[in-house]
Amino acid sequence: MNVDLCKRFREYLLNTKQLKHSDRPISLNSASGYYSTFRGLLKIAYRDKWIRENINDFLDKIEPEDVKKEYLTLEEVKQLAATPCDIPVLKAASLFACLTGLRISDILKLQWEDFGIAPDQGYCLRIRTQKTQTEATLPISNEAYELCGTPGTGKVFKGLKRSMTQHSLKKWIKQAGIQKHISFHCFRHSYAVIQISLGTDIYTVSKMLTHKNVSTTQIYA
């Protein structure tokens with residue numbers, strides 16, 4: 001492990017192709033993320049004396065580029081809600097994401113036991129987010145709670161599969177007459193943009209999204 005090897009690995013990441021689409025290069029942001037993880041390992045290796053010098057001192061980062069975060073407006077969310085979906089649980093989970101900002105990973109594992117009553121007698125969720133392992137108590141609206149269906153035990157959105165967020169989701173969005181390139185994660189962006197546009201304090205939105213730093217939330221402003 002030396003500086004030359006690490007520099008060659010950096011060049012490899014900047015020029016290599018995708019595994020699924022061998023005719024396309026990986027995105028700059030993917031390369032940046034992979035190299036950042038690699039450099040993090042080098043830091044640990046130096047700290048734990050696996051390597052003799054801090055190679056990171058001699059390496060340049062791969063700077064990520066800003067990407068457009070697509071989202072739905074409030075009117076488009078209403079438009080989507082008014083459009084029938086072939087998979088009812090997908091529709092319910094999607095609208096729930098628009099009203100709560102939860103990631104697909106957290107919605108998939110959401111249990112009825114995670115719901116509670118807040119001090120103001122409204123509903124709230126007590127969860128540990130899967131991506132960041134953050135403990136959070138999040139107030140949710142009555143509309144969001146009603147999308148979950150009849151209270152029971154076990155998983156809330158029974159039958160929901162991650163695979164549904166690909167072709168089936170795109171088909172439903174197209175049927176709603178929405179031309180934007182919307183993924184399930186865009187519902188999280190939609191929640192943030194709608195809340196800020198309606199005047200919700202950015203620090204409150206940051207807490208609801210379980211961001212560790214408000215600067216991450218400021219992107220939506």
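Here is a short conversation about this predicted model and how its helices H4 and H7 meet.

User: Happy to look at this with you! Why are H4 and H7 called roughly perpendicular?

Analyst: Good place to start. The axes of helix H4 (residues 88–100) and helix H7 (residues 167–175) cross at roughly 75°. Angles of 65 to 115 degrees count as roughly perpendicular, and H4 and H7 are therefore given that description. Their axes come within 11 Å.

User: What makes H4 and H7 a contact, and which residues meet?

Analyst: Contact means heavy atoms within 4.5 Å. On the H4 side, Leu90, Lys91 and Ser94 take part, and they meet Ser168, Leu169 and Trp172 of H7. By class, this contact has 3 nonpolar, 2 polar and 1 charged residues.

User: And why is Lys91 in H4 counted as charged?

Analyst: Lys belongs to the charged class together with Asp, Glu and Arg, so Lys91 of H4 counts as charged.

User: How many helices and strands does the protein have, and in what pattern?

Analyst: The protein has 10 helices and 3 strands. Along the sequence they follow α-α-α-α-α-β-β-β-α-α-α-α-α.

User: What makes a residue buried, and what percentage of the protein counts as buried?

Analyst: Buried means under 20% relative accessible area. Of the 221 residues, 42% count as buried. The protein exposes about 13700 Å², with carbon and sulfur atoms supplying 52% of that area.

User: How much of the contacts comes from residues 24 or more positions apart?

Analyst: Such pairs account for 61% of the contacts with a separation of 6 or more.

Conventions
Residues are numbered from 1 along each chain as its sequence is written. This is a predicted model: local features need pLDDT of at least 70, side-chain atom pairs count only at pLDDT 80 or more; totals for chains, interfaces and linings use all residues. Side-chain values use heavy atoms; hydrogens and water are left out. Axes are lines fitted to C-alpha atoms, for helices over the stretch in contact, and angles run from 0 to 180 degrees between N-to-C directions. Helices (H or I, at least four residues) and strands (E, at least two) are DSSP runs, numbered from the N terminus. Angles under 35 degrees count as roughly parallel, over 145 as roughly antiparallel, 65 to 115 as roughly perpendicular and the rest as oblique. Buried means under 20% relative accessible area, exposed over 50%, partly exposed in between (1.4 Å probe, protein chains only). Accessible areas come from the Shrake-Rupley method with a 1.4 Å probe; for residues, only the protein chains shown count as cover.
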